[in-house]
Amino acid sequence: MKINHLNLAVTDPVAAQQFLVKYFGLKPHGKPNATMVFLTDDNGSLLSLMIPKLGGETEVRYPAIFHVGFMQESEERVNEINQWMKADGLDVPAPARQHGSWSFYIDAPGGFTIEVQHSRMLD
């Protein structure tokens, strides 16, 4: 069994999509609009990003611990993505050893958090 899709409520679907395409290589799927966009990953999973009013809500609220993780093949790749984001002017903390992984967290456009990490347990 594998995950088919995941839906996230976001304040700006198009900005969130552009961020995920640029830094994590997700691929746009279908035609985007201001209220809803879709992306796919290398495994064929679908990520939908929708403004909360489509579900009857008015704002995006995730628990503080909620995040979406992107596993990288090496600590060096985590560092490269971190430096790329910094060079683009994003406010991103330096990677650090956390819970057995080399990782950092960043607030993505749209109101959710992303973790970029490499875990030695997967080497």
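**Sheets, core and pocket of a predicted fold**

Strand 5 contributes more residues than any other element to the lining of the largest pocket, namely four. The model is a predicted one, in which local features need pLDDT of at least 70 and side-chain atom pairs count only at pLDDT 80 or more, while totals for chains, interfaces and linings use all residues. Residues are numbered from 1 along each chain as its sequence is written, and side-chain values use heavy atoms, with hydrogens and water left out. Helices (H or I, at least four residues) and strands (E, at least two) are DSSP runs, numbered from the N terminus.

We can stay with the pocket for a moment. Its space amounts to about 580 Å³, and 21 residues line it, with Leu26, Asp41, Ser45, Gly69 and Phe70 lying nearest its centre. Two or more lining residues come from each of strand 1 (5–9), helix 1, strand 3, strand 4 and strand 5. On a 1 Å grid over the protein atoms alone, a pocket is an open set of points where a 1.4 Å probe fits, with protein on both sides within 12 Å along at least five of seven lines; lining residues have an atom within 4 Å of a point. Grid points are joined across faces, edges and corners, and the volume is the space filled by probe spheres set on the points.

Next comes the sheet that includes strand 5. Four strands make up this open sheet, in the order 5-8-7-6 and with mixed pairing. Strand 5 (68–71) and strand 6 (96–98) are at the edges with a single partner strand each, so one side of each has no neighbour in the sheet. From one strand to the next, the twist averages 40°. Strands count as paired if DSSP finds at least two bridges between them; strand 5 and strand 8 (residues 112–119) run parallel and are joined by four. Methionine 71, for its part, is found opposite glutamine 117 in strand 8.

Two helices accompany the sheet. Helix 1 (residues 13–24) lies across strand 5, strand 7 and strand 8, at about 10° to strand 8. Helix 2 (residues 75–87) packs on the sheet, where it touches strand 6, strand 7 and strand 8, and its direction makes about 25° with that of strand 7. Axes here are lines fitted to C-alpha atoms, for helices over the stretch in contact, and angles run from 0 to 180 degrees between N-to-C directions.

The largest nonpolar core has 25 residues, of which Phe19, Leu20, Phe24, Leu49, Met85, Phe112 and Ile114 touch the most other members. Helix 1 gives the most to this core, with five residues. Such a core is a set of buried Ala, Val, Leu, Ile, Met, Phe, Trp, Tyr and Cys residues joined through side-chain atoms within 4.5 Å. Buried means under 20% relative accessible area (1.4 Å probe, protein chains only). Beyond its neighbours within four places in sequence, phenylalanine 24 is in contact (heavy atoms within 4.5 Å) with Phe19, Phe70, Gln72, Met85, Ile114 and Val116.

Serine 103, in strand 7 (residues 101–108), is also buried, with a relative accessible area of 0%.

Elsewhere, strand 2 (residues 27–29) and strand 3 run antiparallel, joined by three bridges, and proline 28 has leucine 39 as its bridge partner in strand 3. Five bridges join strand 3 to strand 4, also antiparallel, with phenylalanine 38 opposite serine 48.

Key: Buried means under 20% relative accessible area, exposed over 50%, partly exposed in between (1.4 Å probe, protein chains only).
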